[in-house]
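Q: Got a minute to go through this one with me? I'd like to start with how the chains meet and then move on to the DNA.

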Number of protein chains: 2
Amino acid sequence: MDKMPEMEILFELADVFKVFGDSTRLRILYTLFEDEHSVGEIAESLQMEQSTISHQLRVLRTNKLVKIRRDGKQIYYSLDDDHVKKIIEMGLDHVLE
Amino acid sequence: MDKMPEMEILFELADVFKVFGDSTRLRILYTLFEDEHSVGEIAESLQMEQSTISHQLRVLRTNKLVKIRRDGKQIYYSLDDDHVKKIIEMGLDHVLE
DNA sequence: TTAACATATGAACAATTATTCATATGTTCA
DNA sequence: TGAACATATGAATAATTGTTCATATGTTAA
């Protein structure tokens with residue numbers, strides 16, 4: 001173990017970390033820690049443009065960090081991976097020394 | 001717990017993940033998983049410019065992921081944090097599903 | 001001191017990306 | 001069907017960033 005992965009895997013790995021490397025996406029993920037939320041709720045909660053949130057949710061979804069549930073006009077997003085919390089907490093451990 | 005951190009902390013957190021979000025830096029970290037290595041050794045091993053490696057090592061060092069030990073003309077880099085391996089492994093878990 | 005070597009650094013460039021604005025798509029209800 | 005609402009998307013822009021080249025800094029040994 002700990003052997004260097006193939007280049008293809010390394011690029012994917014870097015891409016995943018890139019997703020965590022933006023404060024807006026981190027805020028969205030934190031918002032979803034507790035419960036699922038609609039796009040509008042997240043935008044309202046973070047005081048950001050609906051468009052911005054939607055764009056970033058797509059990034060999160062493409063990378064399989066969140067999943068969706070449609071209910072009428074709204075689309076509810078929630079965490080789609082057990083690792084998300086743990087990865088963020090590990091990063092936080094590092095930041096907090 | 002799981003409460004959203006202050007903005008300042010969120011930016012730091014994002015910055016840490018940004019560091020992991022580059023394949024060159026991931027390769028450098030993997031190289032250091034086993035043992036410490038000099039700048040030249042890493043550049044040779046990864047077949048990249050010495051300058052590129054040096055620049056990226058500075059990023060890693062600034063973010064306290066690697067530390068240095070001077071020995072004559074060479075500077076040996078090694079991992080400076082217990083979390084590094086774990087964070088990368090978590091990310092890998094996600095990538096590998 | 002000087003030559004040779006190892007590493008660091010600054011400037012420049014290309015590429016990537018987060019946000020905004022405007023608009024499109026899709027859903028509900030009258 | 002059409003109006004109102006929720007979300008998605010494309011284009012444009014500004015900002016950030018990884019790499020290279022050239023050169024500077026720092027170390028050793030003669």
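Q: How much area do chain B and chain A bury between them?
A: About 3800 Å², with 75% of it on carbon and sulfur atoms. Keep in mind that this is a predicted model.

Q: Which residues of chain B lose the most area to chain A?
A: Asp2(B), Phe17(B) and His94(B). Together they make up 19% of what that side buries.

Q: And how many residues does each chain put into the contact?
A: Chain B gives 42 residues and chain A gives 42 residues.

Q: How many salt bridges across the interface of chain B and chain A?
A: The rule finds two. In one of them, Lys85(A) pairs with Asp2(B), and the closest N and O atoms are 2.8 Å apart. Asp2(B) also appears among the residues that lose the most area to chain A.

Q: What about polar contacts between chain B and chain A, how many residue pairs?
A: Six, counting pairs with both residues at pLDDT 80 or more.

Q: Which helices of chain B supply the side that touches chain A?
A: Helix H1 (7-20), H2 and helix H5 (83-95) of chain B each supply at least two residues. H5(B) has the largest share, twelve residues.

Q: How do the residues on that side of chain B divide, nonpolar, polar and charged?
A: There are 22 nonpolar, seven polar and 13 charged residues.

Q: What turn lays chain B on chain A?
A: A turn of 180 degrees, with a shift of 0.0 Å along the axis and an RMSD of 0.0 Å. That is the relation of a two-fold axis.

Q: Why say that the copies meet through the same surface?
A: Because 100% of the interface residues of chain B are also interface residues in chain A.

Q: OK, DNA now. Which residues come nearest to DNA strand D?
A: Of the 25 residues around DNA strand D, the nearest are Tyr77(A), Thr24(B), Arg25(B), Ser51(B) and Thr52(B).

Q: Which atoms of DNA strand D come within 4 Å of the protein, sugar or phosphate, or bases?
A: Sugar or phosphate accounts for 66% of those atoms, and the rest belong to bases.

Q: What lies 2.8 Å from a phosphate oxygen of DNA strand D?
A: A backbone N or O atom of Gly40(A). Tyr77(A) has a side-chain N or O atom 2.6 Å from a phosphate oxygen of that strand.

Q: And what is 2.9 Å from a base nitrogen of DNA strand D?
A: An N or O atom in the side chain of Gln50(A).

Q: Which element gives the most to the surface near DNA strand D?
A: H4(A), with five residues. By class, the surface has four nonpolar, 13 polar and eight charged residues.

Q: Switching to DNA strand C, which residues are closest?
A: Thr24(A), Arg25(A), Ser51(A), Thr52(A) and Tyr77(B), out of 25 residues that surround DNA strand C. Of the strand's atoms within 4 Å of the protein, 65% are sugar and phosphate.

Q: Which side chain is 2.7 Å from a phosphate oxygen of DNA strand C?
A: Thr52(A), through an N or O atom. From chain B, Ser54(B) has a polar side-chain atom 2.9 Å from a phosphate oxygen of DNA strand C. Ser51(B) instead puts a polar side-chain atom 2.8 Å from a base oxygen of DNA strand C.

Q: Last one: what gives the most to the surface near DNA strand C?
A: H4(B), with five residues.

Notes. Residues are numbered from 1 along each chain as its sequence is written. Chains are lettered from A and ligands numbered from 1 in the order in which they are written. This is a predicted model: local features need pLDDT of at least 70, side-chain atom pairs count only at pLDDT 80 or more; totals for chains, interfaces and linings use all residues. Side-chain values use heavy atoms; hydrogens and water are left out. A residue is near a molecule or strand if one of its heavy atoms lies within 4 Å of it. A polar contact is a pair of N or O atoms within 3.5 Å; within protein, one must be able to donate a hydrogen and the other to accept it, and residues adjacent in sequence count only if both atoms are side-chain atoms. Helices (H or I, at least four residues) and strands (E, at least two) are DSSP runs, numbered from the N terminus. Ala, Val, Leu, Ile, Met, Phe, Trp, Tyr, Cys and Pro count as nonpolar, Asp, Glu, Lys and Arg as charged, and the others, Gly among them, as polar. Contact means heavy atoms within 4.5 Å. Buried area is the accessible area (1.4 Å probe) that two parts lose on being put together, summed over both. A salt bridge is a side-chain nitrogen of Lys or Arg within 4 Å of a carboxyl oxygen of Asp or Glu. Copies are superposed by least squares on the C-alpha atoms of residues with pLDDT of at least 70 in both.
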